[in-house]
Amino acid sequence: MKKVMVLGASPNKRRFSHTCVKTLMHQGYEVIPIGAREGEINGKKIIQGKPSVEDLHTVTLYLSPRNQEEYYDYVFGQNPQRIIFNPGAENPNFADLAKKNGIEVVEDCTLVMLNSGNF
């Protein structure tokens, strides 16, 4: 199963990133939730910082473009195959850099993709 990083994961149950982590876990994906705040999502600890992740398939972004800049080099260093820009996270600059690094760029809602079988 694909390994997926949720960048911007939140312990707040009302946040889409929280629901995304739960849905990915429920569907059997290996999830790496990375966020600014301590907490857990369905027993999975939210990681603060920038851990090295091997065999990463997808990064799904739940950060505003302004908050993404500090993660550009980190994300590229993890060599993901795909980056999903969720609504509100669209960032033409980051997307262009990703494409130049050979990474597939998707502007869509991860939750809709998961629920429709298009993930």
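**Exercise 1. Contacts of L61**

Task: In this predicted model, find which residues L61 is in contact with, leaving aside its neighbours within four places in sequence.

Solution:
- Step 1. Collect the heavy atoms within 4.5 Å of L61.
- Step 2. Drop the neighbours within four places in sequence.
- Step 3. Read off the partners: L7, Q68, I83, I84, F85, N86, A89 and F94.

**Exercise 2. The largest nonpolar core**

Task: Name the members of the largest nonpolar core that touch the most other members, and say which elements supply at least two residues each.

Solution:
- Step 1. The core has 21 residues.
- Step 2. M5, L7, V59, L61, V75, I83 and F94 touch the most other members.
- Step 3. At least two residues each come from β1 (3-7), β2 (30-34), β5 (58-61), α3 (72-77), β6 (82-85) and α4 (92-100).
- Step 4. α3 gives the largest share, four residues.
- Step 5. Another core lies apart from this one. It holds 18 residues, including V6, C20, L114 and F119.

**Exercise 3. β1, α1 and β2**

Task: Determine in which sense β1 and β2 pair, and the handedness of the unit they make with helix α1.

Solution:
- Step 1. β1 and β2 pair over five bridges, and the sense is parallel.
- Step 2. One bridge joins K3 to E30, its partner in β2.
- Step 3. Helix α1 covers residues 16-26. With β1 and β2, helix α1 makes a β-α-β unit, and this unit is right-handed.
- Step 4. Check burial of β2. Four of its five residues are buried, so β2 is largely enclosed by the rest of the structure.

**Exercise 4. The two sides of α4**

Task: Sort residues of α4 into buried and exposed, and find what the buried ones pack against.

Solution:
- Step 1. F94, A95 and A98 are buried.
- Step 2. These three cover an arc of only 100° around the axis, so they sit on the same side of α4.
- Step 3. P92, K99 and K100, on the other side of α4, are exposed.
- Step 4. The buried residues pack against β5, α2 (65-68), α3, β6 and β7 (104-107).
- Step 5. Look past the helix. G102 follows α4, and its phi is positive, near 75°.

**Exercise 5. S17**

Task: Decide whether S17 is buried or exposed, then list what S17 touches.

Solution:
- Step 1. S17 lies in helix α1.
- Step 2. Its relative accessibility is 4%, so S17 counts as buried. The cut-off is under 20%.
- Step 3. The S17 side chain reaches the backbone oxygen of G8 at 3.1 Å.
- Step 4. Not counting residues up to four places away in sequence, S17 touches V6, G8, A9, S10 and Y62.

Methods: Residues are numbered from 1 along each chain as its sequence is written. This is a predicted model: local features need pLDDT of at least 70, side-chain atom pairs count only at pLDDT 80 or more; totals for chains, interfaces and linings use all residues. Side-chain values use heavy atoms; hydrogens and water are left out. A nonpolar core is a set of buried Ala, Val, Leu, Ile, Met, Phe, Trp, Tyr and Cys residues joined through side-chain atoms within 4.5 Å. Buried means under 20% relative accessible area, exposed over 50%, partly exposed in between (1.4 Å probe, protein chains only). Two strands pair if DSSP finds at least two bridges between them. A crossover is right-handed if, with the strands pointing away from the viewer, the path from the first strand over the helix to the second runs clockwise. The arc is that of the directions from the helix axis to the C-beta atoms. A polar contact is a pair of N or O atoms within 3.5 Å; within protein, one must be able to donate a hydrogen and the other to accept it, and residues adjacent in sequence count only if both atoms are side-chain atoms.
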